[in-house]
Amino acid sequence: NNDKKQNEINFLYKVIADHFRASIFAIADGVIPDNKDRGYILRRLLRRAMVFAFNLGINNNLWVEKTINAVIESLQPFYSYLLLEKEKINKVINHEFLLFSETIKQGMKIFDDSINKNKLDDEIIFKLVTTYGFPIELIKELASKKEITINEAEFKKRFLKHQEISNANITVKA
């Protein structure tokens, strides 16, 4: 049982390191977190790493700079340009961390209020994801800890419809 728990912890740290590595390269290449295209992928990578850190009980931002520095240091002999971009990388990732921390606070309040009222339905989950950028992975994890099952199929239906409408609006504008 201890080995299983340790394997889970090791897995989370590996994902965090991998996501930071990909993010560092993307930022060094000029990508910034955004709501579309490459910026969206970068934002998802960073936020997923931050959710995993949250799951490990790491709730402050001290780990962010240490992780960035460790990744750049390990890659520096092969990718020396990363050292030149270190300040920008730190600034971009720390900014995203601060934004996401606010998202987590707002989302947790809505989540907790919903749990207290026994109303964590697909509509609230949809609102958390689309309005507050609250990751579905985190919602599932928190619901599981509270022994609450969520109707993921209904959420996915609602989310796909939302995407269709968004894509239709993009096509019309283009």
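# Helix packing around H5 in a predicted all-helix chain

Helix H2 crosses helix H5 in a right-handed manner; a crossing is right-handed if the near helix is turned clockwise from the far one by less than a right angle, and left-handed if anticlockwise. The structure is a predicted model, in which local features need pLDDT of at least 70, side-chain atom pairs count only at pLDDT 80 or more, and totals for chains, interfaces and linings use all residues. Residues are numbered from 1 along each chain as its sequence is written, and side-chain values use heavy atoms, with hydrogens and water left out.

**Overall architecture**

The chain contains eight helices and zero strands, where helices are DSSP runs (H or I, at least four residues) and strands are E runs of at least two, numbered from the N terminus. Its pattern along the sequence is α-α-α-α-α-α-α-α. The C-alpha trace spans about 55 × 50 × 25 Å along its principal axes. Of the 174 residues, 36% are buried (under 20% relative accessible area; exposed is over 50%, and partly exposed lies in between, with a 1.4 Å probe and protein chains only). The accessible surface is about 11300 Å², and carbon and sulfur atoms account for 52% of that area; such areas come from the Shrake-Rupley method with a 1.4 Å probe. Among contacts (heavy atoms within 4.5 Å) between residues at least 6 apart in sequence, 68% join residues at least 24 apart.

**Packing against H5**

The end C-alpha atoms of H5 are 44 Å apart, which agrees with the 45 Å expected for its 31 residues at 1.5 Å a residue; the expected span is 1.5 Å times one less than the number of residues.

H2 (residues 37-55) packs on H5 (residues 86-116) at an angle of about 60 degrees, and the two axes are 10 Å apart. Axes are lines fitted to C-alpha atoms over the stretch in contact, and angles run from 0 to 180 degrees between N-to-C directions. H2 contributes Arg43, Leu46, Arg47, Met50, Val51 and Phe54 to this contact, and H5 contributes Ile93, Glu96, Phe97, Leu99, Phe100, Thr103 and Ile104. By class, these are nine nonpolar, one polar and three charged residues. Here Ala, Val, Leu, Ile, Met, Phe, Trp, Tyr, Cys and Pro count as nonpolar, Asp, Glu, Lys and Arg as charged, and the others, Gly among them, as polar.

Arg47, located in H2, is buried because its relative accessible area is 12%. Beyond its neighbours within four places in sequence, Arg47 is in contact with Glu96, Leu99, Phe100, Thr103 and Gly133.

The axes of helix H3 (residues 62-75) and H5 come within 10 Å and cross at roughly 145 degrees. This crossing is right-handed as well. Its contact comprises Trp63, Val64, Glu65, Ile68, Asn69 and Ile72 of H3, together with Lys86, Ile89, Asn90, Ile93, Asn94 and Phe97 of H5. Seven nonpolar, three polar and two charged residues make up the contact of H3 with H5.

**Positive phi values**

Most residues other than glycine have a negative phi. The table lists residues with a positive phi.

| Residue | Phi | Place |
|---|---|---|
| Asp37 | near 55 degrees | helix H2 |
| Asn118 | near 55 degrees | following H5 |
| Glu147 | about 60 degrees | loop between helix H7 (136-145) and helix H8 (152-173) |

Asp37 counts as exposed because its relative accessibility is 61%. Glu147 is likewise exposed, since its relative accessible area is 74%.
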